[in-house]
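Work through the exercises below with the structure at hand. Each task is followed by a solution in steps.

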Amino acid sequence: MLVTGPRGTKDILPAASSNWQYIEKTVRDICRLYLYKEIRTPVFEHTELFLRGIGETTDIVEKEMYTFTDRGERSLTLRPENTAAVVRSFLENKLYAETLLNKLFYIGPMFRYDRPQAGRYRQFHQFGIEALGSKGPAIDAEVIMLAVQLLKKLGLDDLHLYLNSVGCPECRPVYREKLQSYLQEKTSNLCTDCQSRFDRNPMRILDCKKEKCAEQSQGAPQIVDCLCDECSEHFSQLKELLTLAGVEFTLNPRLVRGLDYYTKTAFEIQYAPLGAQSAVCGGGRYDGLVAECGGPSTPGIGFAVGIERILLALEKQNLLPEAANAIDVFIAPMGTAMQGMAFALLCNLRENSITAEMDFMEKGIKWQMKQANKYPARFVAIIGEDEAAQGKVMLKNMQTGVQELVDVNEIQQKIQLDMED
Ligand code: ATP
Ligand code: MG
């Protein structure tokens, strides 16, 4: 159908775009405060990057990618997330040679073949940050703080921060084996996805959303009990730092995230009123990713926030600001003969940064006054034939109702004086 967009996509209509701009501005302000700089990467990448960077056993790679072959027979994929692409750009542009710690952020559309429903779309938007270069827990704490402070600044409370450590290539294999032997006899009770995860990526069974799988893994051993000294120390320091910063968190041993390259810290922020789509932010450390992509071994940590879900949460809580539609002047020419003068005045006001509009619909004064009130306009400049002949317009102050005959050249001054009051 030509008049229907593809399933899972959504138009951001003029009436809603100010909400997006509001969130984007809040994001940019907080990134400036924390000194994260924007990086803009393409919306498509070589498919290979995501296979490597996200992991072949993840839902994203197995079921959700928009992959196509271009006319040059290359396999390309619309980005389903942006960490891999940021790492690709970090390597390609040797950002590691510029500074020891790269603090980056992005905002943009992502694409996943998900099952569309409230808070879940096929084209959706993420804001995310990546800090590349530091392995210490302080940067983990900063990254989490940025997410928490952003959501707070937007006015959202009732948020829950869940925290876990998923270990590292040293200690994870030990845990993996323990988990496998625990689940060994229960595999026939798992969903088919989890049955295939058992060998390939058993930790993912822990975060399967199906009830029967959750039941089976109920008493499973926990990774936090199997961490090596380094991971364990890193985790306790992070918890200490968050406590120092006054951030509340809940330990969640089931939080393993979908991605293979995650090491140590894993976290998620949930906003419960969103129901099944309650995850608004997911992130973690990925010390293995840069090397996996062929670069010099570099630790990293980041998160991604789903902007549509934030928007839903803000709508639910009535936290979105009113759109700013007010204008300074509405110019009302009385008759088409006055349009030339009206247009000249319009141009002049705009050149002087005064928000002005004129009647382009060639309507009568009644409609024009109504229109002016809709914005609302602070002034209406009525251009009648007699006044125009003297180079004057009737300027009506819509707040006081006072109108006076003003020389065209003085309008700007009058309005600016009023703005200063
Ligand atoms: P979920 O379990 O809800 O599918 P996820 O683990 O796939 O989430 P991440 O890959 O961690 O999500 O992405 C980070 C954030 O992006 C999520 O917390 C969510 O807010 C948002 N997000 C993910 N997929 C979608 C989607 N299809 N539509 C809208 N937002 C999404
Ligand atoms: Mg998902």
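The exercises concern a predicted model and cover its domains, one helix pair and its cysteines.

**Exercise 1.** State which domains the protein chain is assigned and how far apart their centres are.

Solution. The assignment gives domain 1 as 14–171 + 227–316, and domain 2 as 327–420. Taken over C-alpha atoms, the centres of domain 1 and domain 2 are separated by 50 Å.

**Exercise 2.** Describe how helix α1 packs against helix α5.

Solution. Begin with the quantities needed: a packed pair of helices is described by the angle between the axes and the distance between them. Helix α1 covers residues 14–34 and helix α5 covers residues 137–153. Their angle is about 145 degrees, and their axes lie 10 Å apart. The crossing of α1 and α5 is right-handed.

Next, list the residues that meet. From α1 these are Thr26, Val27, Asp29, Ile30, Leu33 and Tyr34. From α5 they are Glu142, Met145, Leu146, Gln149, Leu150 and Lys153. Sorted by class, the contact of α1 with α5 holds seven nonpolar, two polar and three charged residues.

**Exercise 3.** Find how many disulfides the model has, then examine Cys31 and Cys226.

Solution. A disulfide requires two cysteine sulfur atoms within 2.5 Å. By this rule there are zero disulfides. For Cys31, the nearest cysteine sulfur belongs to Cys281 and is 12 Å away. For Cys226, the nearest cysteine sulfur is that of Cys171, 8.2 Å away.

Last, decide whether each is buried or exposed; buried means under 20% relative accessible area. Cys31 is buried because its relative accessible area is 0%. Cys226 also counts as buried, at 13% relative accessibility.

Methods: Residues numbered from 1 in each chain as written. Chains lettered and ligands numbered in written order. Predicted model: local features only at pLDDT ≥ 70, side-chain atom pairs only at ≥ 80, totals over all residues. Heavy atoms only, no water. Buried < 20%, exposed > 50% of the residue type's maximum accessible area, 1.4 Å probe, protein only. Axes fitted to C-alpha atoms, helices over the stretch in contact; angles between N-to-C directions. Helix = DSSP H or I, 4+ residues; strand = E, 2+ residues; numbered from the N terminus. Left-handed = near helix turned anticlockwise from the far one by under 90°. Contact = heavy atoms within 4.5 Å. Nonpolar A, V, L, I, M, F, W, Y, C, P; charged D, E, K, R; others polar. Domains from an automatic or database assignment.
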